[in-house]
Amino acid sequence: MYKRQVQYRAGQVDAAYLADATASYEHVLTKAPRDLDALRALGNVAYDREQPEQALDYYRRFLAVEPGDLGIQTDLATMLLATKQVDAALAAYQAVLRTDPTYFQAQFNLALAYRAKGEDALALAALRRAREVAKDDETRQRVDAVLAHVEGGAAPAAAAPPARTLRTDVEAVFRSHPIAGSRIDRIDWPSAAAVRVVLREFPMDGMPAPVRETFVSRLRSGVRAGKRSHQSTAPLTVELVDATSGRVMETFTE
């Protein structure tokens, strides 16, 4: 299973790996048609490849075995929305939110579904609720940008970026990264001298050594530049952490 996970995660960096991951997981399903890891991964591959019908099939098969998974329920709803099944998508998002009213992604996507249906008042209400349950300033600012677009006016004052500090500049290095940025689950600061960047399904282990070295080197350079701009000389330790296992995938100190 580890090899298949590496192939899938590597596909997030290089799409060529996705074909190998797909073949591996499909082979698993010939032996175990209800294997949750394979069903989830194949659904995610289809999702990433913008093949919503295939993703729907795998997600439905997953939920037939494990109906309580809110992440897969939300992904299924998103694929329903992608295939213009707006009412079904709305019902699916609402079902997630009945279980967990603070589930941000379902709440935010609910607004998009209302918008697709032309229900702008309901979309605005859903976006405002999404802003309430957002876990960090970065996410709230993204909601504010969508709110401004739906309202047809300027973004509210709350959307203004916070004053620049060493922490905001270091976090920006990761959030703006073309590969890592979209995989960030959260960024924790256990102390002023340490930052933990928690990543979802990130292909660290699947990177060839030269790619990994370049990736880490660029992150180090960004952190170094942030420290320099704030005239900070104290060491800062960065950990890249896998969100699922809690395993530290990489550590460096600047």
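This is a short guided tour of the structure, stop by stop, with suggestions on what to select in your viewer. Keep in mind as you go that the model is predicted.

**The whole chain**

Start with everything shown as a cartoon. The protein has 254 residues, and 42% of them count as buried. Its secondary structure comes to 11 helices and 4 strands. Among contacts between residues at least 6 apart in sequence, 45% join residues at least 24 apart.

**Stop 1: the sheet**

Now colour the strands. In what order do the strands of the open sheet lie? The order is S1-S2-S3-S4, and the pairing is mixed. S1 and S4 are the edge strands, each of them pairing on one side only. From one strand to the next, the twist averages 15°.

Let us walk across the sheet, one pair at a time.

- Select residues 184–191 for S1, and add S2: the two strands run antiparallel and are joined by 5 bridges. They form a hairpin with 2 residues between them. To see where a residue of S1 faces its neighbour, show serine 191, which stands opposite alanine 194 in S2.
- Next, select residues 194–199 (S2) together with residues 237–242 (S3). This pair runs parallel, and 6 bridges hold the two strands side by side in the pairing. Several partners can be picked out here: valine 195 has valine 238 of S3 as its bridge partner, arginine 196 stands opposite glutamate 239 in S3, and leucine 199 is opposite aspartate 242 in S3.
- Finally, keep S3 and add residues 248–253, which make up S4; here the pairing is antiparallel, over 5 bridges. Threonine 237 stands opposite threonine 253 in S4. S3 and S4 form a hairpin too, this one with 5 residues between the strands. Click on glycine 246 in that turn and check its backbone: phi is positive, at about 75°.

**Stop 2: a helix across the sheet**

With the sheet still on screen, add residues 166–175. This is helix H10, and it lies across S1, S2 and S3. Relative to S1, H10 runs at about 150°.

**Stop 3: helices H6 and H7**

Hide the sheet and select residues 86–99 (H6) and residues 104–117 (H7). The axes of these two helices come within 9 Å and cross at roughly 155°. H6 is therefore roughly antiparallel to H7. The crossing of H6 past H7 is left-handed.

Which residues of H6 and H7 meet? On the H6 side, show Val86, Asp87, Leu90, Tyr93, Gln94, Val96 and Leu97. On the H7 side, show Ala106, Gln107, Asn109, Leu110, Ala113, Tyr114, Ala116 and Lys117. If you colour the residues of this contact by class, you will find 10 nonpolar, 3 polar and 2 charged.

**Stop 4: H7 and H9**

Keep H7 and swap H6 for residues 137–151, which form helix H9. The axes of H7 and H9 come within 12 Å and cross at roughly 10°. The two helices are therefore roughly parallel to each other.

To view the contact, display Phe104, Phe108 and Arg115 in H7, along with Thr139, Val143, Val146, His149 and Val150 in H9. By class, this contact of H7 with H9 has 5 nonpolar, 2 polar and 1 charged residues.

**Stop 5: two loop residues to click on**

The last stop is about backbone angles. Most residues other than glycine have a negative phi. Two loop residues in this model have a positive one.

Begin with lysine 84, in the loop between helix H5 (70–82) and H6. Lysine 84 has a positive phi of about 70°, although it is not a glycine. Is lysine 84 buried or exposed? Lysine 84 is exposed, with a relative accessible area of 71%.

Then jump to glutamine 231, in the loop between helix H11 (209–229) and S3. Glutamine 231 is also a residue other than glycine with a positive phi, near 55°. At 73% relative accessibility, glutamine 231 counts as exposed.

Definitions and conventions: Residues are numbered from 1 along each chain as its sequence is written. This is a predicted model: local features need pLDDT of at least 70, side-chain atom pairs count only at pLDDT 80 or more; totals for chains, interfaces and linings use all residues. Side-chain values use heavy atoms; hydrogens and water are left out. Two strands pair if DSSP finds at least two bridges between them. Axes are lines fitted to C-alpha atoms, for helices over the stretch in contact, and angles run from 0 to 180 degrees between N-to-C directions. Contact means heavy atoms within 4.5 Å. Angles under 35 degrees count as roughly parallel, over 145 as roughly antiparallel, 65 to 115 as roughly perpendicular and the rest as oblique. A crossing is left-handed if the near helix is turned anticlockwise from the far one by less than a right angle, and right-handed if clockwise. Ala, Val, Leu, Ile, Met, Phe, Trp, Tyr, Cys and Pro count as nonpolar, Asp, Glu, Lys and Arg as charged, and the others, Gly among them, as polar. Buried means under 20% relative accessible area, exposed over 50%, partly exposed in between (1.4 Å probe, protein chains only).
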